[in-house]
Amino acid sequence: MITRGDTDVLAVIDVQNCFVPGGTLPVPEGDTIIPIINRLAPAFRHVIITQDWHTKGHVSFASSHPGKKPFETTSLPYGTQVLWPDHAIQGTPDAELHRDLRIPHAELIIRKGYRPHVDSYSAFLEADRQTKTGLGGYLKERGLTRVFLVGLATDFCVAWSALDARKAGFDALVVEDATRGIDAGGSLGKAWADMSGAGVKRIQSADIRV
Ligand code: VGL
Ligand code: ZN
């Protein structure tokens, strides 16, 4: 059993309308994690939330690349980019946090992917792998050292955030049953292997004392 302390933070990644069934980039069973997150959240004194927040015509959208279809890739100045259906467009209902999330005590909502020409799966570092979101500094200034991650999608925003948390010197634990993956071309298995190699711990919600 894991007992939480005052230096722990729960990071709720991208639990938005776009990423649940009925949204523009639905993660299979994405909505089923919400009751688990709602049950876990009160056990954490510190909670932060991320929100994917793209411009219209964002570079990560297949529709911005003539001839390309969603889930194909393209080459961008910062590397290979998976192309997605249009999703999480700033100010649209699709981009809103899911209405069933009940985390009134969340202390920070951090938006990402808002630069038109750069994607950001990670809550810490944009896809150019240079531009910081500020989350690392925020957590450090507040003395928070251990990050528990839940949300969507396991193999993209959750995994990239967990890996960057480790790189920034935090302990990172992914609560597996409080995540769901997209699994595009084997991405889910690769994500778990990368996370395990980086020292990210894979736990279940039942492991956390609430
Ligand atoms: C995500 C793909 C594109 C995610 C966001 O939240 O995992 N995946 N944008
Ligand atoms: Zn996105």
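User: Which residues line the second largest cavity?

Analyst: In this predicted model, the lining of the second largest cavity is made up of V9, A11, I13, I48, A123, F124, L135, L139, V147, L149 and S161. The cavity holds about 40 Å³ of space.

User: Which elements each supply at least two residues of that lining?

Analyst: Strand 1 (8-13), helix 2 (135-141) and strand 6 (146-152) each do so. Strand 1 gives the most, with 3 residues.

User: And how do the residues of that lining divide into nonpolar, polar and charged?

Analyst: There are 10 nonpolar residues and 1 polar residue, and no charged residue takes part.

User: How many cavities of 30 Å³ or more does the structure hold?

Analyst: The structure holds 2 of them. The largest cavity has a volume of about 100 Å³.

User: What lines the largest cavity?

Analyst: Its lining consists of F19, L25, D52, H54, W84, H87, D119, Y121, A153, F156, C157 and I182. By class, 8 of these residues are nonpolar, 2 are polar and 2 are charged.

User: Changing topic to the metal: which residues coordinate the zinc ion (ligand 2)?

Analyst: The zinc ion (ligand 2) is coordinated by D52 through OD, and by H54 and H87 through NE2, at 2.0 to 2.2 Å. D52, H54 and H87 are also among the residues that line the largest cavity.

User: What spacing do the donors follow along the chain?

Analyst: The donors of the zinc ion (ligand 2) follow the spacing D-x1-H-x32-H. Distant parts of the chain are linked by the pair D52 and H87, which are 35 residues apart. D52 belongs to strand 2 (residues 47-52), whereas H87 sits in the loop between strand 4 (79-82) and strand 5 (108-112).

User: Are D52 and H87 buried or exposed?

Analyst: Both D52 and H87 are buried.

User: Why is the site of the zinc ion (ligand 2) irregular, with 4 donor atoms and angles of 90 to 169°?

Analyst: The angles among the 4 donor atoms run from 90 to 169°. Four donors count as tetrahedral if all angles lie between 85 and 135 degrees, so the upper value rules that class out. The site is classed as irregular.

User: Now the pockets. How much space lies in the largest pocket?

Analyst: About 470 Å³ of space lies in the largest pocket. It is lined by 22 residues, of which Y121, D155, F156, W160 and K190 are the closest to its centre. Strand 4, helix 3 (154-167) and helix 4 (187-197) each give two or more residues to the lining.

User: Which element provides the largest share?

Analyst: Helix 3 does, with 7 residues of the lining of the largest pocket. By class, that lining has 10 nonpolar, 6 polar and 6 charged residues.

User: What lines the second largest pocket?

Analyst: The second largest pocket, with about 160 Å³ of space, is lined by F124, L125, K132, G134, L135, G136, G137, D164, K167 and A168. Helix 2 provides the largest share of this lining, 3 residues. The classes are 4 nonpolar, 3 polar and 3 charged.

User: One last residue: where does R202 lie?

Analyst: R202 lies in strand 8 (residues 201-203). Leaving aside neighbours within four places in sequence, R202 is in contact with V174, E176 and W192.

User: Why does R202 count as partly exposed?

Analyst: R202 has a relative accessible area of 45%. Buried means under 20% and exposed over 50%, so R202 falls in between.

Key: Residues are numbered from 1 along each chain as its sequence is written. Chains are lettered from A and ligands numbered from 1 in the order in which they are written. This is a predicted model: local features need pLDDT of at least 70, side-chain atom pairs count only at pLDDT 80 or more; totals for chains, interfaces and linings use all residues. Side-chain values use heavy atoms; hydrogens and water are left out. Donors are N, O and S atoms within 2.8 Å of the metal (3.2 Å for Na, K and Ca); water is not among the atoms, so sites may look incomplete. Four donors count as tetrahedral if all angles lie between 85 and 135 degrees; four count as square planar and six as octahedral if opposite donors are over 155 degrees apart and all others between 65 and 115; anything else is irregular. Helices (H or I, at least four residues) and strands (E, at least two) are DSSP runs, numbered from the N terminus. Buried means under 20% relative accessible area, exposed over 50%, partly exposed in between (1.4 Å probe, protein chains only). On a 1 Å grid over the protein atoms alone, a cavity is a set of points where a 1.4 Å probe fits but cannot get out, and a pocket is an open set with protein on both sides within 12 Å along at least five of seven lines; lining residues have an atom within 4 Å of a point. Grid points are joined across faces, edges and corners, and a volume is the space filled by probe spheres set on the points. Ala, Val, Leu, Ile, Met, Phe, Trp, Tyr, Cys and Pro count as nonpolar, Asp, Glu, Lys and Arg as charged, and the others, Gly among them, as polar. Contact means heavy atoms within 4.5 Å.
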